[in-house]
Amino acid sequence: MKVLIVGAGPSGLACATSILEGNPDFDVTVVDKKSRVGENPRCAGGISLWMAEKVGISISHRAILAKIRRVRIYAPNGDYWELKGDVDYGYVLDRELFEQNMAEQVERLGGRFVLKHLVSPEDLEFWQSQYDYIVGADGPVSIVRCCLGLPSFPPKDTHLGVQRTLRIRDYSQDTITLDFGEVAPKGYAWCFPAGGDLVRVGLGVPLSEEANAGVLLEDFIQKITPYHKLSSLFGVEETLIAKQIPTARMPETGVYGKILLVGDALPSTDPLTGGGICQGIASGKAAGRAVAEGDPARYDDYIGWLRKQNNRRYRLKNVLFEFNDEDLNELIRVMQGFRPKTMSVGKELRRAVIRLLLRKPRLLSKFFKGFALK
Ligand SMILES: Cc1cc2nc3c(=O)[nH]c(=O)nc-3n(C[C@H](O)[C@H](O)[C@H](O)COP(=O)(O)OP(=O)(O)OC[C@H]3O[C@@H](n4cnc5c(N)ncnc54)[C@H](O)[C@@H]3O)c2cc1C
């Protein structure tokens, strides 16, 4: 059987590995427009160990830039709530190295790479007769998805993520911070340590918002400047990196005849946090397993747990986006009142929203409005 995977990001590489581990006789080719696997990753690189373990992701020690033990969520008024562990909660990855390690594994298993090739609709039409299966792992603006005639994600469910890497000498390298409110309307701003004194500072806002994400990021950097010693305000990466992050519902199916969609192209991304590394790998692995078994329809079942998880988080995202700054301040105040039960930010936020609704029934209308949004 011949399989073509479009996209050598985490989801495409996981899919290739999974096919070759499941059935070494398969002929697997991964094609990407990049000249090097992992080149120019536009990502903060954060993963939770809870998800990484659930999905079964192995990470080489060298690909870990920072180990996270503390997540701080800031309310618009500056109050914060902290999730702090005695053990590592997550990692910040060197995505380039992480993906190169994944690609080496694909090559060891007999997979092939075709790089520097921008896949066009004409290519896909021709390849349909050449390959038994085609996997679209080509990210949020997927040509495979487009050629299937599927709509692009709605603007309210597509965040534009922007990020700069700064040198902040006194930033605690075991901590990530998330800021909610006007700093990033209907999204959030983040600081992720990236080893040494480097910090990835970014934010995401939906395309439906009129706000200019680049301007918001500069404002956010100005906001945090007084609290830190920034030796280079304009960053190590002089250029701002920007890329779409799908925050839409995960669809009921990722199988379209002999074509399967994985990762951001599906999308499998967590709609609440925008995290898509572990989620993309989960979907890639599941699709690869189904293809290796010769029954691609099983992909939808194998990934059912992630669909349920993402769809719960999609509803939570919509509820939170109905909240104004005052509501968000109250949410953090409520969270300050309880001890975390889990090491999952999403689960703790859900607990907090429920407790807040019990205390402030006036928010119920916002809850139902957000909950019902499709
Ligand atoms: C600013 C920002 C910060 C983020 N931070 C995090 C984070 O901290 N944690 C987290 O889990 N997620 C984060 N994400 C999301 C995460 O980066 C994605 O969910 C993840 O990369 C999805 O993996 P993928 O393999 O599906 O797609 P991608 O990583 O986008 O890979 C797609 C591949 O397809 C290739 N490709 C695309 N089109 C074509 C074409 N026509 N021809 C050939 N090749 C093509 C691309 O070159 C690319 O290599 C962030 C995203 C952004 C934008």
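Let's start with one pair of residues: Val30 has Phe113 as its bridge partner in strand S8. The model you are looking at is a predicted one, and this pair is a handy way into it.

**The six-stranded sheet**

Val30 and Phe113 belong to a pairing in which S8 and strand S2, residues 27-31, run parallel and are joined by three bridges. In general, the strands of a sheet pair through backbone hydrogen bonds, and they can do so in parallel or antiparallel fashion. Zoom out from S2 and S8 and you find an open sheet of six strands, ordered S8-S2-S1-S9-S17-S16, where the pairing is mixed. Its edges are S8 (112-114) and S16 (255-256), each of which pairs on one side only. Helix H1 packs on this sheet, where it touches S1 (2-6), S2 and S9 (133-136). The direction of H1 makes about 175° with that of S2.

**A three-stranded sheet**

There is also an open sheet of three strands, in the order S3-S7-S4, and here the pairing is antiparallel. S3 and S4 (64-68) sit at the edges, each pairing on one side only. From one strand to the next, the twist averages 25°. S3 and S7 (residues 90-93) run antiparallel and share three bridges; within S7, Gly90 is the bridge partner of Ser48.

Here are the two strand pairs side by side:

| Strand pair | Bridges | Direction | Bridge partners |
|---|---|---|---|
| S2 and S8 | three | parallel | Val30 and Phe113 |
| S3 and S7 | three | antiparallel | Ser48 and Gly90 |

**Around the ligand**

Which residues come closest to the ligand? They are Gly7, Gly9, Gly139, Gly263 and Gly276, out of 36 residues that surround the ligand. Several elements each supply at least two residues of this shell: helix H1 (10-22), strands S3 (46-48), S10 (158-168) and S15 (241-246), and helix H7 (277-292). H1 gives the largest share, three residues. Sorted by class, the shell has 13 nonpolar, 16 polar and seven charged residues.

**Two domains**

The domain assignment splits out domain 1, made of 2-40 + 95-154 + 248-306, and domain 2, covering 312-372. Their centres, taken over C-alpha atoms, are 34 Å apart. Where the domains meet, domain 1 puts in five residues and domain 2 puts in six. On the domain 1 side, the touching residues are two nonpolar, one polar and two charged.

**A helix pair**

Two packed helices are described by the angle between their axes and the distance between those axes. For helix H10 (residues 325-336) and helix H11 (residues 345-359), the angle is about 105° and the axes are 9 Å apart. H10 and H11 are therefore roughly perpendicular to each other. On the H10 side, Glu330, Leu331, Val334 and Met335 make the contact; on the H11 side, the residues are Glu348, Ala352, Val353, Arg355, Leu356 and Arg359. By class, the contact of H10 with H11 has six nonpolar, no polar and four charged residues.

**Two backbone oddities**

Most peptide bonds are trans, and most residues other than glycine have a negative phi. The bond from Leu266 to Pro267, though, is cis, with omega near 5°. You'll find Pro267 in the loop between S17 (259-261) and H7. Then there's Asn40, which is not a glycine but has a positive phi of about 45°. Look for Asn40 in the loop between S2 and S3.

How values were computed. Residues are numbered from 1 along each chain as its sequence is written. This is a predicted model: local features need pLDDT of at least 70, side-chain atom pairs count only at pLDDT 80 or more; totals for chains, interfaces and linings use all residues. Domain bounds come from an automatic or database domain assignment. Two residues are in contact if their C-beta atoms, placed from the backbone, lie within 7 Å. Ala, Val, Leu, Ile, Met, Phe, Trp, Tyr, Cys and Pro count as nonpolar, Asp, Glu, Lys and Arg as charged, and the others, Gly among them, as polar. A residue is near a molecule or strand if its C-beta atom, placed from the backbone, lies within 6 Å of it. Helices (H or I, at least four residues) and strands (E, at least two) are DSSP runs, numbered from the N terminus. Two strands pair if DSSP finds at least two bridges between them. Axes are lines fitted to C-alpha atoms, for helices over the stretch in contact, and angles run from 0 to 180 degrees between N-to-C directions. Angles under 35 degrees count as roughly parallel, over 145 as roughly antiparallel, 65 to 115 as roughly perpendicular and the rest as oblique.
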